[in-house]
Amino acid sequence: MRRQIPLAITLVVGLVMVVQYFVPHKPVGNLYDLFNTWAIVIFAFAIVLGVGNLIKIHGDRIYRLERGWGYSVLLLLGLTVMIITGIGWGIEPGTSFFYLYWHLYVPMSSTMFALLAFFIASASYRAFRARNFEAFLLLISAVLVMLGRVPMGKALWGQFPVIADWIMKVPNTAGQRAIMIGIALGVVSTSLRIILGIERAHLGGE
Amino acid sequence: MSEKLRRKGRGCRKGGLIPLAAFIFFLFLWDGAWAEDLDTLPPSPPREVTAFDTPNDAGGSITLTWRKSTDDGTGAGDVTAYIILRAERKEGPYKEITKLPAGAVRYEDTTTKDGVDYFYKVSVSDGVNISESPPSQAVHSKAQWFNFKRLNMLLAGFILSLGIVYFISRARAGKELYIRKIAGLDAVNEAVGRATEMGRKVFFIPGILDLDDVQTIAGLSILGQVAKLTAEYGTKLEVPVCRSVVMVTARETVKEAYLDSGHPDAYNDEIVHYLTDDQFGYAAGVDGLMLREKPAAIFYQGAFYAESLILAETGFSVGAIQIAGTAMPSQLPFFITACDYTLIGEELFAASAYLSREPRALGSIKGQDLGKAIILFILGLGVVLETLGITGFSQLFTTQ
């Protein structure tokens with residue numbers, strides 16, 4: 001029964017979601033929105049599980065004074081301060097929570113995002129080494145696209161932007177669409193496996 | 001020539017009295033702005049106003065179509081707007097519900113109550129004068145039980161599903177099904193083996209989306225296979241997640257895998273742990289774990305966004321063997337560049353079947369291939385027909 005009931009629910013809900021795509025009439029037509037709302041509510045409540053896990057793991061780490069326990073103290077301190085300021089004084093502009101959010105969280109998040117620029121440079125350096133024919137093609141097309149996208153490229157030769165546009169619109173779009181078709185078929189196939197109970201990863205495997 | 005233009009023309013041929021009267025009128029009311037008001041002839045009204053229940057919808061909508069006024073774009077060419085009027089009785093009162101610019105020939109009224117009869121008029125304005133169409137016939141909106149615009153999707157889905165079910169039944173009957181080799185999946189054993197030899201951890205990152213994304217489910221299927229290997233080899237596994245529901249499900253998956261491989265004692269809840277729901281907070285957390293733990297093998301299987309390269313480059317810097325898989329086309333180049341193996345799009349969804357060699361799952365992949373063959377045929381045929389100027393075929397594949 002531990003397996004059969006979730007499988008039956010998956011089958012029924014899966015089929016209902018397929019049917020609602022073709023039937024606009026209420027109550028079938030608005031089931032998608034209704035189920036999505038339920039999912040949002042469930043996911044929102046589930047955050048308690050995540051936070052509980054975080055407190056347990058880092059609490060244990062501090063208790064056992066494991067390597068790097070200082071970071072755990074900082075994490076739990078940050079969590080506590082944000083919860084207290086948020087619940088205690090609200091999150092509107094002018095509050096402590098708002099200040100901490102904009103002056104600690106946002107800059108740190110932006111810093112992580114900004115690292116991407118450096119990682120792109122290091123990854124590109126490795127990718128563009130012409131070790132074989134495919135890598136050579138990648139290098140040539142990348143150089144052409146880069147020259148077509150910067151003012152200097154246009155100043156050197158007016159056709160660089162035209163070539164860059166062609167590479168992006170024709171071979172790039174064709175490749176992307178081929179991948180998208182494969183993905184769409186994969187999604188249909190996986191969904192069918194889930195509905196038929198062949199795929200059971202969402203239930204914790206076999 | 002429009003009726004308005006003809007009437008204007010006739011007005012100018014009335015002899016000498018009219019110009020004299022006009023001259024006196026001008027002298028009496030000499031003002032540039034007043035000159036515009038002299039256009040007292042209304043534009044010709046819109047014709048053939050038709051109202052009907054909007055098809056293939058959930059009700060609450062009536063569509064109106066009409067033919068443009070002959071003074072819209074042609075004739076006097078001074079139409080500025082169409083005004084849609086609605087009433088619940090033919091004799092009125094009619095209330096304005098919206099105003100549309102010149103050139104409009106269609107309007108969808110989405111403010112109707114199902115089952116209530118409505119009458120519509122379409123007025124046309126030239127900025128000064130207005131003329132109205134006769135009222136439309138009575139019409140009421142209602143919900144439909146089938147969206148015929150999606151009939152092609154139903155047929156396509158049915159054919160594809162039939163193909164998948166057929167191959168599943170063949171696989172169940174014991175037929176040998178050929179699946180091409182996927183290098184990234186063949187390397188799973190090698191990656192876990194390497195971690196075992198080096199005495200280091202295996203990291204599994206199941207993407208940053210929740211369990212409502214099919215990529216996450218596909219990723220968790222692979223996690224089950226990886227966890228079986230780590231349990232058999234006695235290698236440490238760590239699964240940092242950024243969604244609470246994924247954490248709970250991944251725990252069940254890993255627990256089941258350890259149980260299946262006969263090492264339930266090696267499992268503990270700390271293998272799968274939550275970091276944060278925040279995208280870059282999660283990336284920072286995983287990067288920190290990588291730099292501290294220096295795992296020998298890292299799996300990225302699921303849905304990723306901008307954090308993909310941040311994670312993969314950090315993994316590269318610690319010398320881990322990396323196997324990625326995602327159906328996010330924009331992130332694939334990053335993984336291909338930074339990882340040793342990448343499962344591209346559909347390979348991610350085929351991975352669990354490929355690794356488990358479960359006949360029914362393999363059958364579904366063969367069915368998927370059949371769908372691909374049909375699509376390739378349709379694409380080829382469409383290209384030929386479009387090149388020959390036959391456009392009807394491609395219209396069969398439009399959806400709403």
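Guide: Buried means under 20% relative accessible area, exposed means over 50%, and partly exposed lies in between. The structure above is a predicted model.

Visitor: Is Arg64(A) buried, exposed or partly exposed?
Guide: The relative accessible area of Arg64(A) is 46%. Buried needs under 20% and exposed needs over 50%. The value of 46% therefore makes Arg64(A) partly exposed.

Visitor: Which residue does the side chain of Arg64(A) meet in a salt bridge?
Guide: The N to O distance of this salt bridge is 2.8 Å, and a salt bridge allows up to 4 Å. The partner has a relative accessible area of 28%, so Glu66(A) is partly exposed. Salt bridges with shared partners also bring Arg61(A) into one network with Arg64(A) and Glu66(A). The residue whose side chain meets that of Arg64(A) is Glu66(A).

Visitor: In chain A, in which helix is confidence highest?
Guide: Chain A has a mean pLDDT of 89, and 98% of its residues reach 70 or more. Confidence in chain A is lowest in helix H5, residues 133–149, with a mean of 88. The highest, at 93, belongs to residues 69–89, which form helix H3.

Visitor: How much area do chain A and chain B bury between them?
Guide: The contact involves 55 residues of chain A and 69 residues of chain B. Carbon and sulfur atoms account for 69% of the buried area. The total that chain A and chain B bury between them is about 5500 Å².

Visitor: Which residue of chain A forms a salt bridge with Glu313(B)?
Guide: The count of salt bridges between chain A and chain B is 1, while a search over all chains finds 19. In the pair that includes Glu313(B), the closest N and O atoms are 2.5 Å apart. The partner in chain A is Arg126(A).

Visitor: Which element gives the largest share of the side of chain A that touches chain B?
Guide: There are 15 residue pairs in polar contact between chain A and chain B. Helices H1, H2, H4 and H7 of chain A each give two or more residues to the side that touches chain B. By class, that side has 31 nonpolar, 13 polar and 11 charged residues. The largest share, 15 residues, comes from H7(A).

Visitor: How many of the 11 residues of helix H9 of chain B are buried?
Guide: The buried residues of H9(B) include Leu309(B), Ile310(B) and Glu313(B). Their cover includes H4 of chain A, together with elements of chain B, among them H8 and S12. The helix is largely enclosed by the rest of the structure because the number of its 11 residues that are buried is 9.

Visitor: Which backbone nitrogen lies 2.6 Å from a polar atom of the side chain of Asp126(B)?
Guide: Asp126(B) is in the loop between strands S6 and S7 of chain B. Its relative accessible area is 9%, so Asp126(B) is buried. The backbone nitrogen of Val128(B) lies 2.9 Å from a polar atom of this side chain. The one at 2.6 Å belongs to Asn129(B).

Visitor: With which residue does Glu48(B) form a salt bridge?
Guide: Glu48(B) is in strand S1 of chain B, and its phi, near 50°, is a positive value in a residue other than glycine. Its relative accessibility is 54%, so Glu48(B) counts as exposed. In the salt bridge, the closest N and O atoms are 3.2 Å apart. The partner lies 19 residues away, in strand S2 of chain B, and is Arg67(B).

Visitor: What is the omega of the cis peptide bond that joins Lys26(A) and Pro27(A)?
Guide: Most peptide bonds are trans. Pro27(A) sits in the loop between H1 and H2 of chain A. The bond from Gly92(B) to Pro93(B) is also cis, with omega near 5°. For Lys26(A) and Pro27(A), omega is about 5°.

Technical notes
Residues numbered from 1 in each chain as written. Chains lettered and ligands numbered in written order. Predicted model: local features only at pLDDT ≥ 70, side-chain atom pairs only at ≥ 80, totals over all residues. Heavy atoms only, no water. Contact = heavy atoms within 4.5 Å. Buried area = accessible area lost by both parts, 1.4 Å probe. Polar contact = N/O pair within 3.5 Å; in protein donor to acceptor, adjacent residues only side chain to side chain. Helix = DSSP H or I, 4+ residues; strand = E, 2+ residues; numbered from the N terminus. Nonpolar A, V, L, I, M, F, W, Y, C, P; charged D, E, K, R; others polar. Buried < 20%, exposed > 50% of the residue type's maximum accessible area, 1.4 Å probe, protein only. pLDDT = per-residue confidence, 0-100.
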